[in-house]
Amino acid sequence: MAKIVTEFFRQYDKLMKEQGSVSAFWDKIGSDKTAGYIRNAKRVKKMPPPTQLKKLEGYLDNQFLLECMQFYSDYYPDRMTTKMEMALDEFIFKYRQRGRKRERKLLSQLHLERAWKLGL
C-alpha cells in the first residue's frame, strides 16, 4: 500500500474516533454510501475516489485531500470518470498553492487534453 494511502486511512480513522463513530459521522453528513465506499477501499488497500474524498472537505486537511485526489487520478486513470474529474478540478481551483507557475501550466495542459478527448 502506498504511503499516502496509509496516511489517508490513519487520518480517517483518527477523525472517526474524534467524531464518536463512523455511522454517527456519516449520518451527520447525510452520506451513508460514502462510508461503504471508504470501507471497501480500505479493505482492498486503495485510495477512495475523488467524489468520495470531496465529502471529507473541512474535516480533514484540504491540501492533503487534494494530494489524495491527485494520487487517485495518477494511479487509477482508467477508473476516473467525468464526475471524478470535476470533483478533482473543483478542489484544484479551491485549494491549489498560489504562485506556482509549473502547476498552472500542468493544469492548462490537462484542460487542453480533456478538450481534445471530447473533440472540442
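The exercises below, each with a worked solution, concern a predicted model of one protein chain.

**Exercise 1. Overall fold**

State how many helices and strands the chain has, and describe its surface and burial.

Solution. Begin with the secondary structure: the chain contains seven helices and zero strands. The order along the sequence is accordingly written α-α-α-α-α-α-α. Next, take burial: of the 120 residues in the chain, 37% are buried. The exposed surface of the chain comes to about 7800 Å², and 52% of this is supplied by carbon and sulfur atoms. Last, consider the contacts with a separation of 6 or more: 57% of them join residues 24 or more positions apart.

**Exercise 2. The nonpolar core**

Identify the residues with the most contacts inside the largest nonpolar core, and say which helices supply it.

Solution. The largest nonpolar core has 30 residues. Inside this core, the residues with the most contacts are F8, W26, M47 and L56. Helix 1 (3–19), helix 2 (22–29), helix 3 (32–44), helix 5 and helix 6 each contribute at least two residues. Now follow F8 outward. Leaving aside residues up to four places away in sequence, F8 touches I38, M47, P48, L53, L56, L60, F64, L65 and C68. Two of these partners, M47 and L56, are also listed with F8 for the most contacts inside the core.

**Exercise 3. Helix 5 against helix 6**

Describe how helix 5 and helix 6 pack, and sort the residues of their contact by character.

Solution. Two packed helices are described by the angle between their axes and the distance between the axes. Helix 5 covers residues 62–75 and helix 6 covers residues 82–95; their axes come within 10 Å and cross at roughly 145 degrees. The crossing of helix 5 past helix 6 is left-handed. On the helix 5 side, the contact is made by N62, Q63, L65, L66, M69, Q70, Y72 and S73. Helix 6 contributes M84, A87, L88, F91, I92 and Y95. Sorted by character, the contact has ten nonpolar residues, four polar and no charged. L65 of this contact is also a partner of F8.

**Exercise 4. Q52**

Locate Q52, decide whether Q52 is buried or exposed, and find its contacts.

Solution. Q52 lies in helix 4, which spans residues 50–53. The relative accessibility of Q52 is 7%, and the limit for buried is under 20%, so Q52 counts as buried. Setting aside residues up to four places away in sequence, Q52 touches T34 and Y37. T34 is 18 residues from Q52 in sequence, while their C-alpha atoms are 5.9 Å apart.

Technical notes. Residues numbered from 1 in each chain as written. Predicted model: local features only at pLDDT ≥ 70, side-chain atom pairs only at ≥ 80, totals over all residues. Heavy atoms only, no water. Axes fitted to C-alpha atoms, helices over the stretch in contact; angles between N-to-C directions. Helix = DSSP H or I, 4+ residues; strand = E, 2+ residues; numbered from the N terminus. Left-handed = near helix turned anticlockwise from the far one by under 90°. Contact = heavy atoms within 4.5 Å. Nonpolar A, V, L, I, M, F, W, Y, C, P; charged D, E, K, R; others polar. Core = buried A, V, L, I, M, F, W, Y, C linked by side-chain atoms within 4.5 Å. Buried < 20%, exposed > 50% of the residue type's maximum accessible area, 1.4 Å probe, protein only. Areas by Shrake-Rupley, 256 points an atom, 1.4 Å probe, with all protein chains shown as cover.
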